[in-house]
Each structure stands twice: as structure tokens, then as C-alpha cells.
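Student: I should like to go through this structure and ask, for each term applied to it, what justifies the term. Please show the sequence and the structure.

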Amino acid sequence: MTPRLPRAIDQGLANCHVCGKVTPVVAHRCPRCGAGLHLRKPASLKRTVALLLAAAALYLPANMLPVMTISEIGNVMASTILQGMVEFWRREAYPIAIVIFVASIMIPIVKIVALVWLCAAASGKVHPSPRILGRIYWFTELLGRWSMVDIFVVSILVALVQFGAYMTVAPGPGALAFAGVVVLTMFAAMSFDPRLLWDRLEILEASKTPQPTPNRE
Amino acid sequence: MKREASITTWPKPAGAPHPVACHFCDTLHEATAVPEGTAARCKRCGVVLYQNRPASLVRTTAFSLAALILMGIVNMFPFLTMEANGIKTELSLFRAARELIREGSMTIGWCVAGFTIVAPLVMAGGMLYVCGPLLRGHAAPGARHVARWLGHAEPWNMIEVFLLGVLVSLMKLGKMADLYFGVGFWAFAALMVCMAAAVAGIDRNELWDRLEVAAE
């Protein structure tokens, strides 16, 4: 086994989340930037799970309710995100249809599931490798923002398509729910502390090593 | 020792040990100089601890200044013009947010304004304010607070996502009307590149080390 590398927490040192300076946590405030010091993000799992529950609750209305309504010569047509995607597919604009499917439908749900799984791993309910989990975490943080694309499309269409009685576009109730999903999952990813995954591994290895004859289950 | 001396790196604050902890797995390391253009990685999990960016201050200052100028151009010139049935409508960042607010979607309207106008402005203005004076070794008054805000604003700067939104909208509108790209659109594309270059220009640890040295 590789020799155990020292962690900051073992020496009571906190890694400032704003400026990256490593100082004793007893100082409470970072001497360099003034941010509050914590060994781990406070109430990380509780906050993450609460934000994820809120995001999951909004996911259905975000996809069922229309994100915009198009009024065309007296005809009012509501459009959900899924309908927008299907419309592109029917017009054989496959790349755009795929972009919308990935950004608006797949990423939010994958992000919620991935973060729930990360929380389960950090609280010791499942035991995958932190390295793989880390990659998943990095991915969710990187991709989350791109889900916002559909909200921007609504804002652009609302601003551009204003032709009085001939054709207008107005935002729908689904847009608020959808923006809520994106923002809440972004906050959830930010409040999750990946170091908890490694702490769990540490506990697991510590419980394994002292036994001279390991009892394999 | 001889090789380390030839490495150009940023000045370190006074005091002997400069520990860095991996933000990902909390493993402690001693911060050592790395050659320009390379990164120091965590011994345990392999995540990047810090990077030594070449010409970091100059690049970040230049690109954030360029980004600020481009922001002015984006907001002064038409972004996209659409013509249908003799009626012309124009798109601008302000209009995209304002029309939503006028249609009753206050929250989303302010979100869009925050993601496409406020966050990029804070990022570009803040980087210029902090890095510009640092070029001459000074810390601007309140630079510490501004640098803290940079970190908060970064994830909410979504100009590249907005540009994807413009492309998707173009596909949606394509057959419906005549669309013209304005100077603002090309400025916006350039703005995206400059912002990315400015953000990638300097490592967070370097920025804060330099601020600490300048304040000493």
C-alpha cells in the first residue's frame, strides 16, 4: 500500500475556499482574504440534498409546462421544451435537436441523479472509488450551466418576435420552473464537498488495516 | 537546485512554508515552483493544485480590458435584426432581459440580465481592477474584496451559453423572417473568447499570492 499522505484536516488546517491559503482553522477568518474558514463546507450534505429535492420537484413542471406561448394570427400555441426538440427533429435539424435534448433534458436529470449518488457515497451508503466519483462531480459542475440555453432561447425569441397581431412570443410558466432547476442544481453542486468522499475512504481504510486476519464478507 | 533557479515564477509572500491543500481530497503539499505553462498536481488524486501561467498578469489585464471594450460595443451596436412583414425588431442583451421583465417574467428576466450582463461585467471589470495595478506591484484599494467577488461571479458568467442560445434561436427563426447580424454579434463572439482567455490567464493562487505580497 502507498504510504498515507497527510491531510490538512489532520493538522487542523483549513484550505480557504476563496483564496486557497492554508491556515489553522482556529483563526475563523482567512488572514489573506477575510473569508470564513471551515475544515469542510458547513452542512454540505444536508444543503446539497435539500437543494436537490427542490430541483427534482421542479423538474416535472419544468418539462410539462410550456416555456413559451406563440400567438400567430389569433392562434395561440404553447410550446414545452420537449415539443421544441421534436419540432427540430421533424425539420431534420438533428444536431440542434440533439443539443437541446442533451442540454435541457438529459443534463439536469443526470446531474440530479449523479449528485444524489455522490451524497450517498459521502455518507457511506455506497462505496465506489472516489476517483470515478470525482470525475462525475467535475463533470456535473462543468456541464450544469449549459442547461440554461433554453431559457436564453426563450428570452431571445421574446425580444425578437414582436410583430403585433401577426406573431408574438411570450414566456410561459415552465420557463421559471426550468430556470429554477438549473440554478438549484448549480447551487447543489457548489455546496457539495468532494473531500467528504475521500474522508469516507479514509475511514474505510482505517477500519480495515488494524485487523490482522481480515474477515472477508 | 540549479534547475529550480531558472524557473520563472510569481513572488511568494514572506514566511517559510507555503502549504497548499488539494481542494478535492484535502491532501497537504508544499508549494514548489513549476515551470511556466505547467501545472502542479495532487499526489493523491491527480487534480490540478495550481498552474504557472506564462505572462499571467499582462495577459489577464489585456484580455479583460479588451473584454470591457467589447462589452461597450455589444451594447451600442445592434446584435441581430429581424425583418418580417415590413416590421423590424432588434435584439440586444438589454432587450433580451427587459422584454422578459415587461412580459411579467421578472425573475427570469433578472436572471438573464445577471448571467449575460452583470456577471461578465463584474468578471472583466474586477480582473482589470485587480491585475492592472498589480503589474506595477501595487494592490488597488479594496482589491481584496473585488478579488473575492471574482470567485463568486465566475460560475454565473454564461456568455458562451447565450451564444449557443442565439444559434438555436437562429435555427428556429430561419424560415420565418430575414435575419441580419450586426456588429454587436461579432463583438459578442470576440467577447466570449477574450473572457475565456482572461479567466484562464492567471491562476487563483498566483493572484492571491501577488495581492498578499503587494499588501506587505
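Student: What pLDDT does chain B average, and how many of the residues score at least 70?

Tutor: Chain B averages a pLDDT of 89, and 97% of the residues score at least 70; pLDDT is the predictor's confidence in each residue, from 0 to 100. Over residues 1-5 of chain B, however, the pLDDT is below 50. Beyond near neighbours in sequence, that stretch has one contact in the model, a contact being two residues whose C-beta atoms, placed from the backbone, lie within 7 Å. Where pLDDT is low, the predicted coordinates should not be read in detail. This is a predicted model, in which local features need pLDDT of at least 70 and side-chain atom pairs count only at pLDDT 80 or more, while totals for chains, interfaces and linings use all residues. Residues are numbered from 1 along each chain as its sequence is written, and chains are lettered from A and ligands numbered from 1 in the order in which they are written. The model scores ipTM 0.89 and pTM 0.89.

Student: Why is A:Glu92 called exposed?

Tutor: A residue is buried if 20 or more other C-beta atoms lie within 10 Å of its own, exposed if 12 or fewer, and partly exposed in between, with C-beta atoms placed from the backbone. A:Glu92 has 7 C-beta neighbours inside 10 Å and therefore counts as exposed. Its place is in the loop between helix H2 (81-90) and helix H3 (94-122) of chain A; helices (H or I, at least four residues) and strands (E, at least two) are DSSP runs, numbered from the N terminus. Although A:Glu92 is not a glycine, it has a positive phi of about 65°.

Student: Is B:Asp26 buried or exposed, and what makes it so?

Tutor: B:Asp26 has 28 C-beta neighbours inside 10 Å, so it counts as buried. This residue, too, has a positive phi, of about 70°, although it is not a glycine. B:Asp26 is placed in the loop between strand S1 (19-21) and strand S2 (28-30) of chain B.

Student: How do you know which exposure class suits B:Gly125?

Tutor: With 19 other C-beta atoms within 10 Å, B:Gly125 falls between the two limits and is therefore partly exposed. B:Gly125 lies in helix H4 of chain B. Its C-alpha atom and that of B:Leu68 are separated by 6.8 Å, the two residues being 57 residues apart along the chain.

Student: What makes S5(B) and S6(B) a pair?

Tutor: Two strands pair if DSSP finds at least two bridges between them. Five bridges join S5(B) to S6(B), which run antiparallel, so the criterion is met. One of the bridge partners is B:Leu91 in S6(B), set against B:Leu80. Three strands form an open sheet in the order S6-S5-S7 of chain B, with antiparallel pairing.

Student: Why are S6 and S7 of chain B called edge strands?

Tutor: S6 and strand S7 (178-181) of chain B each pair on one side only.

Student: What is found in the hairpin of S3(A) and S4(A)?

Tutor: Strand S3 (residues 68-72) and strand S4 (residues 75-79) of chain A are joined by five bridges and run antiparallel. A:Ser71 has A:Val76 in S4(A) as its bridge partner. The hairpin has two residues between the strands, and A:Ile73 takes a positive phi near 40°. S3(A) also pairs with strand S6 (residues 167-171) of chain A in the antiparallel sense over five bridges, where A:Thr69 stands opposite A:Ala170.

Student: How many residues are in contact between chain B and chain A?

Tutor: 51 residues of chain B are in contact with 48 residues of chain A. On the side of chain B that touches chain A, the largest share, ten residues, comes from H6(B). By class, this side has 30 nonpolar, ten polar and eleven charged residues; Ala, Val, Leu, Ile, Met, Phe, Trp, Tyr, Cys and Pro count as nonpolar, Asp, Glu, Lys and Arg as charged, and the others, Gly among them, as polar.

Student: Where do the domain bounds of chain B lie?

Tutor: Chain B is divided into domain 1 (1-52) and domain 2 (56-215), with bounds from an automatic or database domain assignment. Their centres, taken over C-alpha atoms, are separated by 31 Å. The contact takes six residues from domain 1 and seven residues from domain 2 of chain B.
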